[in-house]
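Me: I should be grateful for a close look at a single part of the structure shown below, followed by an account of its surroundings.

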Amino acid sequence: MMAVVHMFADTAVIAKRNLIKIKRVPEVLVFVLLSPIMFVLLFAYVFGGSINIPGGSYREFLIAGIFAQTVVFGSTFTGVGIADDIQKGIIDRFRSLPMSQAAVLIGRTASDVVYNVLTLLIMGLTGLVVGWRINSSLWEGLVGFGLLLAFAYSFSWTMALVGLLVPSVEVINNASFMVIFPVTFIANTFVPAENLPTVLRTFAEWNPISALTQAVRELFGNIPPGTPEPTAWPLQNPVIYTLIWAALIIAVFAPLASIRYQKAVKQG
Amino acid sequence: MGNVIEAFGLVKHYGDVVALDGLDLAVSEGSVYGLLGPNGAGKTTAVSILATLLAPDSGSARVAGADVLKEPARVRERIGLSGQYAALDEHLTGFENLDMIGRLYRLGRSRSRTRARELLEVFDLTEAGNRPVKTYSGGMRRRLDLAGALVASPPVLFLDEPTTGLDPRSRLDLWGVIRELVARGSTLLLTTQYLEEADHLADRIMVIDQGRDIAQGTPDELKTLVGGERIEVTVVSASDLPRAQEVMQRFAVGELASEVRNRKVTAPISGGAAVLTKALRALDAEGVDLHDVGLRRPTLNDVFLTLTGHAAEPNGSRGTSEGQSSLRGKAAS
């Protein structure tokens with residue numbers, strides 16, 4: 001019991017430490033607060049003119065996709081943060097302290113959630129400015145945001161493992177870009193999956209990021225009336241499919257990252 | 001007074017590289033123990049094992065009464081570690097770094113803050129305490145890192161190369177702080193590749209090379225191993241070298257060593273400054289122009305050379321330590 005209390009207390013200390021950076025590191029501020037605004041505006045005005053969504057507006061269609069992509073990219077903070085802490089020897093210090101060792105990774109991934117809340121807030125406001133609306137209810141809207149945060153949180157654990165395995169900030173930045181970018185694009189995030197060539201279409205239909213986007217679109221009421229029902233199971237049951245993925249990712253990556261953390265020592 | 005740090009047969013391999021090759025260690029309470037060796041000798045690996053960061057391939061160790069492998073949490077409550085590189089969060093202020101460490105040692109909110117302020121004061125960082133660490137100089141970072149190890153006033157301290165990379169002035173400052181710490185009764189295990197540092201700070205020294213204990217004792221005992229004092233003479237022109245050799249032969253108690261390229265003769269002597277004076281007069285009488293001369297007492301670097309057949313610091317820092325010891329020799333004469 002005491003151990004759990006300690007873990008939460010230590011997690012809060014670690015998360016606070018990570019969050020102070022938003023005030024002090026301009027790159028973090030730009031990534032968390034400014035780039036989302038830029039993305040919404042770029043997609044809305046550049047693609048918005050040439051992509052037609054039958055019976056609806058591209059801007060409404062777009063927002064859920066760009067939310068999904070951005071929060072998944074937010075997990076990079078965990079990877080980069082952990083790699084940086086190993087390089088600087090801060091993990092060595094944490095590991096020499098009588099603190100809850102689980103708190104280091106949990107505090108780190110929890111900070112991503114806070115970053116993502118801020119990012120979603122800013123993007124939501126920008127979205128409202130360009131004409132996006134939640135057409136369902138407040139409650140469904142909140143569930144949509146909750147689902148985005150939950151999936152992004154699970155994804156942070158994959159990046160935690162990557163950060164522990166490849167403790168180089170540059171490599172992680174490049175690698176995450178190389179992986180996350182295609183995964184979030186070969187999906188229904190920015191264009192309807194039905195228009196993709198067969199192989200990509202199958203990938204997109206089973207891609208959890210498509211399910212996440214589909215779920216959020218439905219919850220926000222951003223699917224135009226008359227849109228045909230998706231044929232693939234994941235897109236027919238997007239909320240459940242997304243939650244299954246989130247649970248699976250945490251079940252696999254949290255233990256792996258924790259085991260790896262026990263051995264993390266600054267190299268050289 | 002028992003042993004606060006004990007290690008038995010520590011072995012650690014990294015792939016084919018042997019970092020530790022059966023190291024035994026015993027550090028008594030309240031003492032300063034220096035682990036001295038060149039880069040890659042296994043010093044950091046030894047400290048990492050004792051500080052519970054790394055599990056050895058075989059062997060065991062106890063720190064402050066707890067087994068590092070079986071009870072790492074109990075060990076962590078009683079140690080402070082300051083690593084080779086200042087392990088600080090650059091974006092936090094000095095105060096925030098120490099406060100965070102205090103919270104993680106479970107000192108509680110107000111105690112952590114008080115302690116952070118106290119330590120900033122002790123380490124002369126009060127003014128810088130509200131600035132992000134990235135604005136600090138190297139010496140300030142090291143002081144803050146050392147302060148981090150002291151937050152919980154742990155009975156056992158590990159300092160892994162605390163002054164590596166510091167300028168001489170900052171190094172002297174840090175030595176002063178470390179000596180004060182020790183005066184308060186902490187047990188300290190210090191690693192260093194600076195022979196002078198171990199000589200200044202440690203009660204006992206273990207010289208390690210390739211993960212093995214190759215000698216241990218007090219600094220004086222180790223120096224005795226290498227033999228006595230000697231005079232070093234460097235002449236201005238190479239043509240004077242044979243005459244200098246001939247003169248120095250009269251005072252030497254053993255064989256001369258000559259370095260023709262450096263125009264240098266080294267003679268083992270006995271009798272200290274008095275012999276140096278006589279030798280200088282004799283050289284002067286022979287009309288030998290001297291570039292440099294010094295009475296040299298053995299340094300720990302000589303210990304290393306004698307024990308391993310290679311220099312402790314192959315990358316040039318050796319020159320500095322020799323320069324300083326010859327200065328000290330001259331001051332003594």
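Leaving aside its neighbours within four places in sequence, with which residues is B:Ser112 in contact? Please then go on to the sheet and the contacts of chain B.

Reply: The model is a predicted one. Leaving aside neighbours within four places in sequence, B:Ser112 is in contact with B:Asp99, B:Gly102, B:Arg103 and B:Leu107. The residue B:Ser112 belongs to helix H4 of chain B, which covers residues 109–122. B:Ser112 counts as buried because it has 22 C-beta neighbours inside 10 Å, the cut-off for a buried residue being 20 or more. B:Ala7 lies 105 residues away from B:Ser112 along the chain, and 32 Å separate the C-alpha atoms of the two.

The sheet of chain B may be taken next. It is an open sheet of 6 strands with mixed pairing, in the order S6-S7-S8-S3-S9-S10. Strand S6 (79–82) and S10 of chain B stand at the edges with a single partner strand each, so one side of each has no neighbour in the sheet. From one strand to the next, the twist averages 15°.

Within this order, strand S3 (residues 32–36) of chain B has S8 and S9 as its neighbours. S3(B) runs parallel to strand S8 (residues 187–192) of chain B, and 5 bridges join the two; B:Tyr33 has B:Leu189 in S8(B) as its bridge partner. S3(B) also pairs with S9(B) in the parallel sense, over 4 bridges. There B:Leu35 has B:Met206 in S9(B) as its bridge partner. B:Met206 in turn has a bridge partner in S10(B), namely B:Gln216, where S9(B) and S10(B) pair in the antiparallel sense over 5 bridges. The hairpin of S9(B) and S10(B) has 2 residues between the strands, and B:Gln210 takes a positive phi near 50° in that hairpin. S9(B) is mostly covered, with 5 of its 6 residues buried.

Two helices may be added to this picture. Helix H1 (residues 43–50) of chain B lies across S3, strand S7 (156–160), S8 and S9 of chain B, and runs at about 150° to S8(B). Helix H5 (residues 138–150) of chain B packs on the sheet and touches S6 and S7 of chain B, its direction making about 165° with that of S6(B).

The strands S9(B) and S10(B) also bear on the division of chain B into domain 1 (3–223) and domain 2 (226–332). The centres of these domains, taken over C-alpha atoms, are separated by 36 Å. Their contact takes 14 residues from domain 1 of chain B and 12 residues from domain 2 of chain B. On the side of domain 1 of chain B that touches domain 2 of chain B, at least two residues each come from helix H7 (195–201), strand S9 (204–209), strand S10 (212–217) and helix H8 (219–226) of chain B. H7(B) supplies the largest share of that side, 4 residues. The residues of this side of domain 1 of chain B comprise 9 nonpolar, 1 polar and 4 charged.

Finally, there is the contact between the chains, which takes 18 residues from chain A and 25 residues from chain B. On the side of chain A that touches chain B, H1 and helix H5 (90–95) of chain A give two or more residues, and H1(A) gives the most, with 6 residues. That side of chain A divides into 8 nonpolar, 2 polar and 8 charged residues.

Key
Residues are numbered from 1 along each chain as its sequence is written. Chains are lettered from A and ligands numbered from 1 in the order in which they are written. This is a predicted model: local features need pLDDT of at least 70, side-chain atom pairs count only at pLDDT 80 or more; totals for chains, interfaces and linings use all residues. Domain bounds come from an automatic or database domain assignment. Two residues are in contact if their C-beta atoms, placed from the backbone, lie within 7 Å. Ala, Val, Leu, Ile, Met, Phe, Trp, Tyr, Cys and Pro count as nonpolar, Asp, Glu, Lys and Arg as charged, and the others, Gly among them, as polar. A residue is buried if 20 or more other C-beta atoms lie within 10 Å of its own, exposed if 12 or fewer, and partly exposed in between; C-beta atoms are placed from the backbone. Two strands pair if DSSP finds at least two bridges between them. Axes are lines fitted to C-alpha atoms, for helices over the stretch in contact, and angles run from 0 to 180 degrees between N-to-C directions.
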